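Got the model open in your viewer? Set it to show side chains as sticks, and let's walk through it stop by stop.

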Amino acid sequence: MKSVVMAVMVLVAMLPWWSGGREPIALLISAFAVVIGSIAMWRRPEPARTVASWPLKAVLTIFTAWAVLGLLWTVNRYDTEVWLTYWALALAVFILVGNLTKSAKQRLIDGYLWIATAAALYGFYQYFTGDYDRLTSSFYWANPAAAFLLPAVIIGVWRWASQRSPVALVQSAIVLIAFWLTDSRGAILVLILVAIAAATRPTVRQKSWLIITLALITFGLSLGFSWMRVHEFHHSGLTPGSRFAEAANGESTSGRDRLSYLVSSFRILAKNPVQGTGPGTFGTVHPQFQGQVSQAGSDAHNIYVQSLAEQGLIGFLLVIWIVCLMLAGLWRGVIREPTMAAVALAAVALALHFGLDIDGRYPALVVLLGALIGLVYQPLVYRKVTWKRAVGLPLLLAGLLLAAISLYQSSVWADKGKLAQDNHDLKAAAGDYSQAHTGWVYNPDYWTAEGIDYYSLAGITGGSKQYEPLALDRANHAVAVDPQDSQHYFLRARIHRLQGKLTDAQSDYNQALRLDHLNHPYYYADLASLELQMGKETDAVHIATQGIILYPQKVIDSRPADVSIRVAVSQLYTIRAAIELKNGQNAADDINHALKLNPVNTEALQLRAQAIGAK
């Protein structure tokens, strides 16, 4: 009974909650599920077992210690704390699943297949009712959804081909159709690679005609689903497989973007070769190495190369060591239990996909990978562990639970702050955000969020002496705890400008642009406006032109949801037009561009009236 409870808790932990489990409440549920499962493990009549022989146990301990030490030099403590939370979750699940009985492991596999089937069905609902033209299910993006379905495709299809189970056929067909509709090139390539590797086994070759037939039928059905989406539900559609054609014709930018992320990773490594920048911090430092405006990203889309940038050569070598020992353990597990070959193959496939996308950002995928490896992994020697000797796992679980609780509490206060902002109650919003950054783990952006509220209050009240010091204090705290994030300097620059400290504001604006010169056109707009205020017209024109060049119309059109970009670039054209008019130059083009981007730009409208009057 206890093993059943353990298996059920692992299934709860791997459920693809909204946003793939990235919401703090979902992460909290997963953490509690793992803790409850671990308690059930220790309450069984038989003692717990080690699931790793001493080489793997040693490297896992060293790697965890290295990651914890990263808190001393990380460029963003919050990112590292979240990374450690996910790592603790995966490691705890690996240990927990390794202690399941054979029957409980089978229940866990069955449960995962049903969860994947349910995720596919929910994905169909979203696919036919939503605006996005690829299936995402409860994941925000299609590629992580494909990653969650990928192991189910491998396990389910093999179960049907070997057992001819009608239930397995239905599950496999539903999951495969959903998998094709994600149109994830990386996941499909991994599936093809795994299929080729599996085909080397005679038992698989004998079933190949069944597998190919199912793949073709389900792919055909996915084309039918795509047709229905367009013609029956009247949504824009993307034909499954069409993204491969785009890549072949050079029309896809995702491949180039991924290459740029890898280049950034090696540039980050070159600057921090030994210890890296801290686990989870790629998104913080990437803007400093970003090549183009279109190449913004918080992940390298390759967890292994990203570990090289974030944890340096030492961390990367430890990762390679872990991967090699895990593969050896999977091999031993398949030799001992040949029926688990499909699960081992699924684990390898998912691990490969971790090297192609942002899977490490999703708790459901992190838990799934830990569970798949734990199902098959066979240590060199099993050893019983008593409660008194099991020190590592309790510490791991305590850290996991404390971090998950703190993240959740912080998010609750932040949500309250956002709601207060929406209701235009800035004082209440500032108070809520002040609570959001008082816990053990919190996002340092909440310091800036509180500072923005005080800055807004200071502006509304005409530069109130009550709120300016509070706004500056919060901005200074944000800079102190997160010195690599440009937005904190940007806020401080605005506060200095409100206080009349123009030189200090200029310094902070420039620092914001040094840290992130490609992703925020309003940095250029603010600085150009400041230079104009200081009487430095040449500098103002130069800065405004820089921002305009970075954000041509095609880039602006590629980000339709971000209205602030259009407003900021419109302001850049307005600043340049104002200087042109003052110097007797023709400003018509810049005025027209400004109004095209923002028709209610009052300054541009005034400049147009001024230009017409001058004629």
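Start by selecting Ser138 and Pro16: a polar atom of the Ser138 side chain lies 2.4 Å from the backbone oxygen of Pro16. Keep in mind as you click around that this is a predicted model. Ser138 is in the loop between helix 5 (102-129) and helix 6 (142-163). Is Ser138 buried or exposed? It counts as buried, because its relative accessibility is 13%. Now show what is around it: leaving out residues up to four places away in sequence, Ser138 touches Pro16, Trp17, Trp18, Ser19, Gly20, Tyr122 and Gln126.

One of those neighbours, Ser19, deserves a click of its own. Ser19 is in the loop between helix 1 (2-14) and helix 2 (24-42), and its phi is positive, about 60 degrees, although it is not a glycine. Most residues other than glycine have a negative phi. With a relative accessible area of 25%, Ser19 is partly exposed.

For another example of that backbone angle, jump to His234, a residue other than glycine with a positive phi near 60 degrees. You'll find His234 in the loop between helix 9 (202-231) and helix 10 (242-248). His234 counts as exposed, because its relative accessibility is 65%.

**Into the core**

Next, select Met14, Tyr112 and Phe179. These three touch the most other members of the largest nonpolar core, which has 122 residues. Helix 4 supplies the largest share of this core, 15 residues. Which residues does Met14 contact, leaving aside neighbours within four places in sequence? They are Leu108, Tyr112, Ile115, Phe148, Ala364, Val367, Leu368 and Ala371. There is also a second, separate core of 40 residues; to find it, select Phe490, Leu572, Ile579 and Ala594, which are among its members.

**Rings**

Time for the aromatics. How many aromatic pairs does a search of the whole structure find? The count is 23. Take Phe63 and Trp87 to begin with: this pair is edge-to-face, 5.1 Å centre to centre, with 75 degrees between the planes. The pair links distant parts of the chain, since Phe63 is in helix 3 (residues 54-69) and Trp87 in helix 4 (residues 77-98), 24 residues apart. Both Phe63 and Trp87 are buried. Then hop over to Phe179 and Trp180, whose ring centres are 5.6 Å apart and whose planes are at 65 degrees, so this pair is edge-to-face as well. Phe179 counts as buried at 0% relative accessibility, and Trp180 counts as buried at 12%.

For a bigger group of rings, select Phe124, Tyr127, Phe128, Phe225 and Phe233, which form one aromatic cluster. While Tyr127 is lit up, add Arg229: its charged end sits over the Tyr127 ring, 5.1 Å from the centre. You can see another arginine placed over a ring at Arg22, which lies over the face of Tyr362, 5.2 Å from the ring centre.

**Charged pairs**

Side chains of opposite charge can pair when their charged atoms come close. The structure holds 13 salt bridges. Select Arg77 and Glu81, whose closest N and O atoms are 2.9 Å apart in a salt bridge. Arg77 and Glu81 are four residues apart in helix 4, so about one helical turn separates them. At 43% relative accessibility Arg77 counts as partly exposed, whereas Glu81 counts as buried at 10%.

Now try Arg159 and Asp110, whose side chains meet in a salt bridge at 2.6 Å, N to O. This pair links distant parts of the chain, with Arg159 in helix 6 and Asp110 in helix 5, 49 residues apart. Arg159 counts as buried at 17% relative accessibility, and Asp110 counts as partly exposed at 27%.

Further along, look at Asp557 and Arg566, a salt bridge with its closest N and O atoms 3.9 Å apart. Asp557 counts as partly exposed at 45% relative accessibility, and so does Arg566 at 25%. Then select Glu450, Asp473 and Arg474, which are joined into one network by salt bridges that share partners.

**Last stop: helix 17**

Finish with residues 426-436, which make up helix 17; here Leu426, Ala429, Ala430, Asp432, Tyr433, Ser434 and Ala436 are buried. What do the buried residues of helix 17 pack against? Show helix 16 (392-422) and helix 18 (445-460), and you have their partners.

Definitions and conventions. Residues numbered from 1 in each chain as written. Predicted model: local features only at pLDDT ≥ 70, side-chain atom pairs only at ≥ 80, totals over all residues. Heavy atoms only, no water. Buried < 20%, exposed > 50% of the residue type's maximum accessible area, 1.4 Å probe, protein only. Helix = DSSP H or I, 4+ residues; strand = E, 2+ residues; numbered from the N terminus. Contact = heavy atoms within 4.5 Å. Phe/Tyr/Trp six-rings, centres within 6.5 Å; stacked < 30°, edge-to-face > 60°. Lys NZ or Arg CZ within 6 Å of the ring centre and 35° of its normal. Polar contact = N/O pair within 3.5 Å; in protein donor to acceptor, adjacent residues only side chain to side chain. Core = buried A, V, L, I, M, F, W, Y, C linked by side-chain atoms within 4.5 Å. Salt bridge = Lys/Arg side-chain N within 4 Å of Asp/Glu carboxyl O.
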